[in-house]
Amino acid sequence: MVDVILGLQWGDEGKGKIVDYFAKDYDVIARFQGGPNAGHTLYNDGKKIVLHQIPSGIFHEGKINIIGNGVVLDPITLKKECEKVAEFGIDLKKNLFISERTNIIVPTHRALDKASEQAKGKGKIGSTLKGIGPAYMDKTGRNALRVGDLLQDNFKELYEQLRQKHQVIINTYHFTEDISADEKDFFEAVDFLKELNIVNGEYFINKQIKEGKKILAEGAQGSMLDIDFGTFPFVTSSNTISAGVCSGLGIAPQHIKEVIGITKAYCTRVGSGPFPTELENADGQKLRDVGNEYGATTGRPRRCGWIDLVALNFACMINGVTQIVMTKADVLDSFEELHVCTAYSKEGTQLTEIPLRLDLDHYVPVYEKFPGWNMDITQIKAVAGLPEKATSYIDFINSYLGVPVKFISNGPERDQLIVA
């Protein structure tokens, strides 16, 4: 069977550590969507490493790691990432596999991303400028180059055709950028990529299923950034929810069993877009500083706020979440009072459903207040050791969502995870 781990908020929920923790119990870890704008932070032997495209099970010996066809892959980023992972003694040629149907990010995708975002002015989406959106546009526009194309004798000709198409669009923005250095790095990375295990991904993973292997599907970004169900138009370009596993890996729905959703004990968002519980005050800054809320990929400060159960309930519903992991509970250790959003108020009317466009009206969060626990919980190993005020906070969330919080992360290390 296939279990799924994904984020339930706007990304940055701590998926990397959680996948790393669970990976020991699985034979295969597969990434099913997103691109190098995702940054999954892990600590291996006390050393920090940020993975952008490689699945978070890469540091577990004997595990197969797959980059699925739902991903858009940047060869330059992958090469750099592989070099960092190799420093830990990991043999990537042994345990990393890439679907031949995976779409490729080329240098002009990044130029297109910059040109498009710049043209939006104040209406910017908040793109990481990694070329993700343009790469997915080429996929749906049937223009994309895929990993399997790298093995064709005429790949450079195919690349040149795509580059010229992009240049015509870039010119309409009156945007100029020298991509010659990027192109040099790109073709060096392409040669490197050819040396890795390129496989027919859907046959490969279904063979693992048929053989009874346990598979963990790993998502990037978060459910509220889903192209269909997120806070459109301030979303990413792929399906970040559990349904994306099927199209992003080539597996049938009946194979999916557990859906493990990850949420912080509070909430963050990067970039533009609506964020009803955002705190633009001292509490928001305290969450940012204590939680070290700065992007793993970009370094951008994250917007911080209280936990939003309206959005979280929606995410649990559309994903079919069966259990929840709450991360960064320890960040709340020193707060005197905690707030939990249970509804939105619009012109005096309370709503508990996510509207079509959160950004078009002013939605005021309706809060339940809880006393903080005011103690360090980072060394606690069992639920019984948690302060009563912490368990009350978690129990309320359990009750509201109707989905159990099964794990509570109380620090960045792999063993700082309380099983409820």
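Helices here are DSSP runs of H or I with at least four residues, numbered from the N terminus. With that settled, the second largest pocket of this predicted model is a handy place to start. Its volume comes to about 300 Å³. Strand 4 (47-51) and helix 2 (75-86) are the elements that each give two or more residues to its lining, and helix 2 supplies the largest share, 5 residues. The lining has 13 residues in total, with His52, Thr77, Lys80, Lys84 and Lys130 lying nearest the centre. Sorted by class, that makes 6 charged, 4 nonpolar and 3 polar residues.

Helix 2 also turns up among the salt bridges, of which the whole structure has 21. Within this helix, Lys79 and Glu83 sit 4 residues apart, about one turn, and they pair up with their closest N and O atoms 2.8 Å apart. Glu83 is partly exposed at 39% relative accessibility, and Lys79 is partly exposed at 23%.

Other pairs reach across the chain. Arg101 and Glu202 form a salt bridge with closest N and O atoms 2.5 Å apart. This pair links distant parts, 101 residues apart: Arg101 is in the loop between strand 7 (96-99) and strand 8 (103-104), while Glu202 is in helix 8. Glu202 counts as buried because its relative accessibility, 16%, is under the 20% cut-off.

Then there is Glu177, bonded to Lys114 by a salt bridge at 3.2 Å between the closest N and O atoms. Glu177 lies in the loop between helix 6 and helix 7 and Lys114 in helix 4, so the pair ties together parts 63 residues apart in sequence.

How values were computed:
Residues are numbered from 1 along each chain as its sequence is written. This is a predicted model: local features need pLDDT of at least 70, side-chain atom pairs count only at pLDDT 80 or more; totals for chains, interfaces and linings use all residues. Side-chain values use heavy atoms; hydrogens and water are left out. On a 1 Å grid over the protein atoms alone, a cavity is a set of points where a 1.4 Å probe fits but cannot get out, and a pocket is an open set with protein on both sides within 12 Å along at least five of seven lines; lining residues have an atom within 4 Å of a point. Grid points are joined across faces, edges and corners, and a volume is the space filled by probe spheres set on the points. Ala, Val, Leu, Ile, Met, Phe, Trp, Tyr, Cys and Pro count as nonpolar, Asp, Glu, Lys and Arg as charged, and the others, Gly among them, as polar. A salt bridge is a side-chain nitrogen of Lys or Arg within 4 Å of a carboxyl oxygen of Asp or Glu. Buried means under 20% relative accessible area, exposed over 50%, partly exposed in between (1.4 Å probe, protein chains only).
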